[in-house]
Amino acid sequence: MPATEIIPLKHTDLFKSIKVGDHTLSNKVVHAPTTRFRALDDHTPSDLEFEYYSKRSQFPGSLLVTEATFVSEQAGLYSNVPGIWEAKHVQAWKKITDEVHKNGSFIACQFWYLGRVGDPKLLKKRGLDFVSSSDNYVDKKSKKYAESVGNPLRALTEDEVHDLVFKTYANAAKNALAAGFDYIELHGAHGYLIDQFLQPSANTRNDKYGGSIEKRAKFVLDLIDHLTSIVGAHRLAIRLSPWAKFQGIKSEEDTVHPITTFSYLLHELQNRADAGNQLAYISIVEPRVQGTISVGEDQQKGNNDFVGQIWKGIILKSGNYTYDAPNFKTMLQDISDNRTLVGFSRYYTSNPDLVKRLYEGWDLVPYDRPTFYTKNNWHYNTFANYEEEDKSIKEEEEKRFAKDIGLLKAHL
């Protein structure tokens, strides 16, 4: 795939400063969460991740959102995904946030809880139950697998949901503060646990956390209210995907239309903002993105216009903004309201100096999708900045795996 040509955007609204929470960003380009499996086996952030975030925070005043990060052991498990529930995780993340801050930029930790899309076999190995909002599997294949490994899906009890809010997520939030994160972003999109409570296709409970829209939204609103008391609303954000038909979520085919569900949630968040507790931002996945793939306009259902009509604060939109390069008409139109940020992920992987390239109008290097979810360093930290020569050797980098961040060599 050839390089993507672009025009210089330095004189556009993309590079007008914007205040998000208590911090002022120099630009509206955000590193969106990119799960890449480069943490240590014990879920501690690694030297590879240190290098990755260091390189992508070089343009001062930029905002990076980390890859999805487990808030507890039971929140997973996927191998080599970072966590933030133990002291060793905090210590490693602190080295990364210190580096980002040294570069003059800001960083958010995205909190992740897999729920019914976790791995029941890995959970069982650690003596943990496979849990979700309900005992409602993603599909028959998931049910067969969970039962075959002796860890069938079960619904969280009311007491367990309460503990998720006041213990599990609260612990992760305190750890995020100790680790030096500027923001916390709750992953409420793409069929993970928060979304599993919100969506009627996943939530079949009949207690105070299920049934009506108000009850399905109770878990996330309780969570936001409690975390606000710990970190402040100005450090808190949430990611939502109203139209994602992904991991068993039915979107517009569900018994309750997504606009109905998400309008209620947004109204509740705006009410809190009006009362003095405005979130740093709300991250919205555009309907052109379905999980890890982008779809054509003929396959897109609905739009997110209703979000900005209800929520008056900062909005972060993510969804393949490079498809109309070199002029970026869609992106420039989206940010014209002076409150919208735009998220990039795939092209941020292959262009560590993405913000500078957009500023100057330098060509974008194509990403290498087959290397996204490998565990070595090839095409993770081997892409060069525009004015630098790529001296990496594929065979050598494929042998380089994550190491303890404390062993990081001074080569940056």
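**Helix packing and salt bridges**

In the predicted model, helix α5 (residues 158–178) packs against helix α8 (residues 218–231) at an angle of about 35°, and the two axes lie 9 Å apart. The crossing of α5 past α8 is right-handed. On the α5 side, the contact is made by Val-161, Leu-164, Val-165, Phe-166, Tyr-169, Ala-170, Ala-173, Lys-174 and Leu-177. Helix α8 contributes Phe-219, Asp-222, Leu-223, His-226, Leu-227, Ile-230 and Val-231. By residue class, the contact of α5 with α8 comprises 13 nonpolar residues, one polar residue and two charged residues.

Across the whole structure, a search finds 23 salt bridges. One of these is formed by the side chains of Glu-360 and Lys-10, with an N to O distance of 3.1 Å. This pair links distant parts of the chain, 350 residues apart. Glu-360 belongs to helix α13 (residues 354–360), whereas Lys-10 lies in the segment before β1 (18–20). Glu-360 has a relative accessibility of 23% and therefore counts as partly exposed. Lys-10 is likewise classed as partly exposed, because its relative accessible area is 28%.

A salt bridge within a single helix is found between the side chains of Glu-51 and Lys-55, with an N to O distance of 3.2 Å. Both residues lie in helix α1 (residues 47–55), where a spacing of four residues corresponds to about one turn of the helix. The two partners fall on opposite sides of the 20% cut-off for burial. Glu-51, with a relative accessible area of 5%, is buried, while Lys-55 is partly exposed at 22%.

Glu-86 and Lys-88 form a further salt bridge, in which the closest N and O atoms are 3.5 Å apart. The relative accessible area of Glu-86 is 32%, so this residue is partly exposed. Lys-88, at 35% relative accessibility, also counts as partly exposed. Elsewhere, salt bridges that share partners join Asp-47, Glu-51, Lys-55 and Arg-400 into one network. The pair Glu-51 and Lys-55, described above as a salt bridge in its own right, is thus included in this network.

Methods
Residues are numbered from 1 along each chain as its sequence is written. This is a predicted model: local features need pLDDT of at least 70, side-chain atom pairs count only at pLDDT 80 or more; totals for chains, interfaces and linings use all residues. Side-chain values use heavy atoms; hydrogens and water are left out. A salt bridge is a side-chain nitrogen of Lys or Arg within 4 Å of a carboxyl oxygen of Asp or Glu. Helices (H or I, at least four residues) and strands (E, at least two) are DSSP runs, numbered from the N terminus. Buried means under 20% relative accessible area, exposed over 50%, partly exposed in between (1.4 Å probe, protein chains only). Axes are lines fitted to C-alpha atoms, for helices over the stretch in contact, and angles run from 0 to 180 degrees between N-to-C directions. A crossing is left-handed if the near helix is turned anticlockwise from the far one by less than a right angle, and right-handed if clockwise. Contact means heavy atoms within 4.5 Å. Ala, Val, Leu, Ile, Met, Phe, Trp, Tyr, Cys and Pro count as nonpolar, Asp, Glu, Lys and Arg as charged, and the others, Gly among them, as polar.
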